[in-house]
Amino acid sequence: MASHRKSRPVGTRVAGIRTPALATAALTSVALLSQSANAAPADDKPSLEEVEKKVDDLYRQAESATDNYNAAKEKTATQRKQVDTLLDDVARRTEKLNEAREELGSFAAAQYRTGAGASGTATFLLADTPQDYFDQTQLMGRLTNRQKGAVDDYVSEQSATMKKRQEASQSLQTLTETQSDLKTSKATVQKKLADAREMLSELTAQEKARLAALEKQKQEAAARKAAELAQQQAAAEKAAQEATAPQESTSTPTDSSYTTKAAKALAFARAQIGKPYVWGATGPDSYDCSGLTQAAWKAAGVDLPRVTYDQVNAGTTVSLADAQPGDLVFFYDDISHVGLYIGNGMMIHAPKPGAYVREESIYYDGESAIHSVVRPA
């Protein structure tokens, strides 16, 4: 029997364990997985450039939410005035309604006293003489006509009062909804700013220094780009002055009235340099971006809307090459930022939370960030 048994290869299995070669491979795989797991946290950490981009994006989102907050705040103020006006009107109409009701009551009392509810025969029997009957009949005729007019007035006033009450109720509901939007926008701004502060707080001192260096490089590149635009605009202006064709004098260059107004707006804006950016602020101690441009042009006698996406429609759009001092420069696809152009590729603006009103290149966030240029007056 023994001769029929096959010999088992040496080293194939030992107590259920595979060959040493396979065991070694398995152990190697485990080691590699362990190394990958240990390396994962380091790979998850964003680079400094990514941190900068995320923080900038958060500030932009906060500024966009600030515009929504400003719009809701302005809308709330308008709606509150409308509600107050409607409530005052309802109060006046209710008072008139009460007066009409009292007048009807006085007619009813007069009818009761004169026996108007009785038949003609009964009324005649109450009269001492035919003349008394005649006098009473004439009086009742007048009372009836006046009463009819009073009833008509009462019904009309009651209908108008009910209508005004419905309008006031609807306005109150709309106001409540707008106040809810205001609260939501405010919470969004606060959340975005808190997230940005948290990201910055997690940076080491060395990382913060590198981030500052990146920002400096960015500003230098923006300054070079602004200088290029200044040269282009200077060359275009010189060419326009040298041109002799009369039709060229009727193109987009600013007239003296605009220049005067723009100078007043710029003088106001320059006086605000150094004041802090505060979301929702319109001065005089702090501003957000559209609050600054609105206040600057108001000083020049021009009323601009409160928010950027309304200001962008409050004037004539011009090309960047034709931008003149005083023009409004808008940024990003959602039109969430605006600055006041001062010439030579530079602007005065309220940049972002934690910053101050300052002069800066319009290319501060790259050429692609520029949305449009608008001449407001």
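Tutor: A helix here is a DSSP run of H or I with at least four residues, numbered from the N terminus. By that rule, in this predicted model, glutamate 52 belongs to helix α2, which covers residues 48-114.

Student: How many helices and strands does the protein chain have, and in what pattern do they follow one another?

Tutor: The protein chain has eight helices and six strands. Along the sequence the pattern reads α-α-α-α-α-α-α-α-β-β-β-β-β-β.

Student: What share of the residues counts as buried, and what share of the accessible surface belongs to carbon and sulfur atoms?

Tutor: Buried residues are those under 20% relative accessible area. They make up 32% of the 377 residues of the protein chain. The accessible surface comes to about 23100 Å², and carbon and sulfur atoms account for 54% of that area. One may also look at how far apart in sequence the contacting residues lie: among contacts between residues at least 6 apart, 70% join residues at least 24 apart.

Student: To return to glutamate 52, is this residue buried or exposed, and which side chain of opposite charge is nearest?

Tutor: A salt bridge requires a side-chain nitrogen of Lys or Arg within 4 Å of a carboxyl oxygen of Asp or Glu. Glutamate 52 is buried but has no salt bridge, and the nearest side chain of opposite charge, that of lysine 218, is 4.7 Å away. Leaving aside residues up to four places away in sequence, glutamate 52 touches Leu211, Leu214, Glu215 and Lys218.

Student: Helix α5 spans residues 205-242; how does one judge its end-to-end distance?

Tutor: The expected span is 1.5 Å times one less than the number of residues. For the 38 residues of α5 this gives 56 Å, and the end C-alpha atoms are 56 Å apart, so the two values agree. The buried residues of α5 include Leu211, Ala222 and Leu229; Leu211 is also one of the residues that glutamate 52 touches.

Student: Turning to the strands, how many residues of β3 are buried, and in which sense does β3 pair with β2 and with β4?

Tutor: In strand β3, residues 337-343, seven of seven residues are buried. Strand β2 (residues 328-331) pairs with β3 in the antiparallel sense over four bridges, with phenylalanine 330 opposite valine 338. On pairing with β4 (residues 346-349), β3 again takes the antiparallel sense, over three bridges; here tyrosine 341 stands opposite methionine 347.

Student: Which residues in the two hairpins have a positive phi, and is each one buried or exposed?

Tutor: Most residues other than glycine have a negative phi, and most peptide bonds are trans. Tyrosine 332, in the loop between β2 and β3, has a positive phi near 75°. That hairpin has five residues between its strands. Tyrosine 332 counts as buried because its relative accessibility is 8%. The hairpin of β3 and β4 has two residues between its strands, and asparagine 344 in the turn has a positive phi of about 55°. Asparagine 344 counts as exposed because its relative accessibility is 52%, and the cut-off for exposed is over 50%.

Student: Where is the cis peptide bond, and what is its omega?

Tutor: The cis bond joins glycine 283 and proline 284, with omega about 0°. Proline 284 is placed in the loop between α6 (256-271) and α7 (289-299).

Terms used
Residues numbered from 1 in each chain as written. Predicted model: local features only at pLDDT ≥ 70, side-chain atom pairs only at ≥ 80, totals over all residues. Heavy atoms only, no water. Buried < 20%, exposed > 50% of the residue type's maximum accessible area, 1.4 Å probe, protein only. Contact = heavy atoms within 4.5 Å. Areas by Shrake-Rupley, 256 points an atom, 1.4 Å probe, with all protein chains shown as cover. Lys, Arg positive; Asp, Glu negative; His and termini not counted. Pairing = 2+ DSSP bridges.
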